Amino acid sequence: MQLFNSRALLVAALLGSAAIAPAALAQDFDPNATIRIGSLYEPQNLDNTAGAGQGINEAFNGNVYEALFQLTDAGTVEPKLVESYEASEDGLTYTFKLKPGVTFHSGDPLTAADVKYSIERVTAEASKSSRKRSLSTITGIETPDDQTVVIKLSARSISLPYNLSYVWIVNDKATDITATEDGTGPYTLSEWRRGSALALARNDKYWGTAPTNGEVIYTYFTDATALNNALLTNAVDVVTSVQSPDSLAQFTGNPAYTVTEGASTTKEILAYNDRVAPFDNVKVRKALARATDKAKLLNSIWGDYGTLIGSIVPPTDPWYVDLTGVDPYDVESAKALLAEAGYADGFEFTLDTPDYDPHPIVAQFLQAEYAKVGVKVNINIITANEWYTKIYQEKNFQATLQEHVNHRDIVFYGNPDFYWGYNNPEVVKLIADAEAAPTEADQVAKLTEANKIIAEDAASNWLYLYPQIVVSAANVTGYPVNGLNSQFFAYGIKKAQ
Amino acid sequence: MVLFILLRLLPGDPANALLGVGATAQQIEAARAQVGSDQPIWMQFLTFIGNLARFDLGASFVSKAGVLEEIGNRMSVTLPLTILGFLVAIVIAVPLGIVAAVKSDKWYGAAISVVSQLGIAIPVFWLGILIVTVFAINLRIFPSGGFPLKGWANFGEAATAMVLPVLTVALVIAASLLRYVRSATQDVIGSDFIRTARALGSSFPEALVRHGIRNGAVPVISILGIELATTFLGAVVVEKVFALPGLGSMLLLAIQQRDYPNVQGVLFISTLLVLLIGFAADLLQRLIDPRLRGRIHS
């Protein structure tokens, strides 16, 4: 259930140095240090196309496996295993030259055939990759020589390099990559104990810059308090994503720890089923948006952390505009809108609420808020698995709460078959056109317009943007603070001597 | 069989655990075919029973790892945790329980009863957190949680990792066990055979040791059997608080993910264990009480 976990998929908040944890002074770090990373997201297996969950991206992306492109912690897409590339004039043919001298952990050299195999693994019928759909414009992959890959598309796809950053390049001779690995990254998998920990050892034959540490151990916890205790007792050096704001008090203001707040793309959303009454009525949706005191909600859950948003687009996406003023908190105008929509006496609806934090608390908050405008909320608690069946697959619901961690997920409003059933032909067209745009400026212009329309339509009720908080021991530096796409690059982490 | 059907009556599909937002209808169907959840229930059941007969518990839907192998791995944490916790509990509860019964008129006898009553009322996770706060965070004597990557191959580290969890399990069991020991002892003290033994010239402690313990032990052992059995899976809370990769946490995760092979595997093995424990408790009772032995022949 990768996309529903509360771990943020992030873009950089602050581009450049401000987004990076303070760097250690030169040479005062231990080049063979063991970095112990505490996390709540244990991978279920080791293959990111086989339902391994977000934990595998955290442990393996950029560390064990690499892609043609890399989504950096600052949110930019940069060539990784690609030396150079060019697109044809019509944008339908991309030619990639691979970096020379790259080898897999097994010793085999990286060839074009491995790249073709790896992309086809994601687009394959049996693949469970969430990125499969975004690569659906690929019609063919050719390998004219060992260092060249040619990708043919059925339509322009401006996000191709970005989408390829999700595709691990795996040795085409590798077998059983659900339990072993054969990547090109700076670390190899040395040990994995299910339910407990996963260790990566430095790959001394790495083709690129060597890591600044000797070994990385990801230790997994199911209980946030146990994770914080591990940090307090020096059992772990860094916690990838703090999920309990209450616990931060133990670390802020304590010189032994560093607390960083990066940018997140995880949104808490009250998603209506826009197909069914009364939520097929835009006035009703706007009324509920105006009846929600989002500032109070965010504060009660995250204190001073987190950000208010007026649509699904976080401030770090290029197509962001501040839309928090479209439907500001205003109980009187909410009542007026309900009356106009024919619900002067209010109505009643069932809110399907996932059983884990923060959804039950958010549901109770909304229940109290909407009672003020005469709307009665019946809270129905369900498990994550039921959510998937009842809401995502069967679309059998009135309204639900969900955290959406996806990066660039405005595109879901361009798909009328998506679970929330928002269907505005203008938005559908804008989003499709944006992907086929010849230039990035054009793409940004179209998505910005789509963004404004969904906000005006109050397509969903975007409650707030989660914060992304990393806490570390003060002697550990160089870790990613935004953790975009759940990634946690370990190769730059330094531990003071 | 009941287990098998109940599991499948739960809403949700194991295929869901494998997929995320963005999955197409074909992907969902493919995933269901892969885990077999598209087959009729009776078909799934026959496959399961067939494999069980060969002691093949299958592989997890989610991790693809062999269920039996994974259970073995988890047992290396859960077995020591439960058994050591149990032994420590007995060491604590039996003497204290006897003292509480024999000296119930003294202040310390009463104090023991009160403290054990408190122990029963305290939730396990709270006790665990308390123990972590005191011994790991403040005193820094033992680690707050986790288990070494290499398991028992790294014996020293594994042993230290077990201390606080074992203590937590032990205190929880000891609290309830103590009450049984106390009431069993009280029954024994008031019984005819102790009075007779004393009339025949034994001192009270001598009568208690020679006749009392043996008699009091019989009901306590049946309670022990039941407690031990529930602790195997009940240790899940302790596993969570101390981040231990045990059987309980495996079961919990498997249920959340509708990972049927793992759920069935864990329940099958733990049922076997419970039966074995029950059997062992029975044997032990017969060993202690000759009257029960006699029943076999009659």
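Here is a short chat about a predicted model, its confidence, one sheet and one helix. Residues count from 1 along each chain as written, with chains lettered from A and ligands numbered from 1 in the order written. Local features need pLDDT of at least 70 and side-chain atom pairs 80 or more, while totals for chains, interfaces and linings use all residues.

Visitor: What pLDDT does chain A average?
Guide: pLDDT is the predictor's confidence in each residue, from 0 to 100. In chain A, 94% of the residues score at least 70, though residues 1–25 fall below 50. Where pLDDT is low, the predicted coordinates should not be read in detail. The chain A average is 89.

Visitor: Which strands stand at the edges of the five-strand open sheet in chain A?
Guide: Strands are DSSP runs of E, at least two residues, and helices runs of H or I, at least four, numbered from the N terminus. Two strands pair if DSSP finds at least two bridges between them. The order is β15-β14-β16-β13-β17. An edge strand has a single partner, so one side is left without a neighbour in the sheet, and that goes for β15 (376–382) and β17 (461–465) of chain A.

Visitor: Is helix α4 of chain A largely enclosed or not, and how many of its residues are buried?
Guide: Buried means 20 or more other C-beta atoms within 10 Å of a residue's own (12 or fewer is exposed, in between partly exposed; C-beta atoms are placed from the backbone). Among the buried ones in α4(A) are Ala226(A) and Leu232(A). The helix is largely enclosed by the rest of the structure, because the buried count is seven of the nine.

Definitions and conventions. Contact = placed C-beta atoms within 7 Å.
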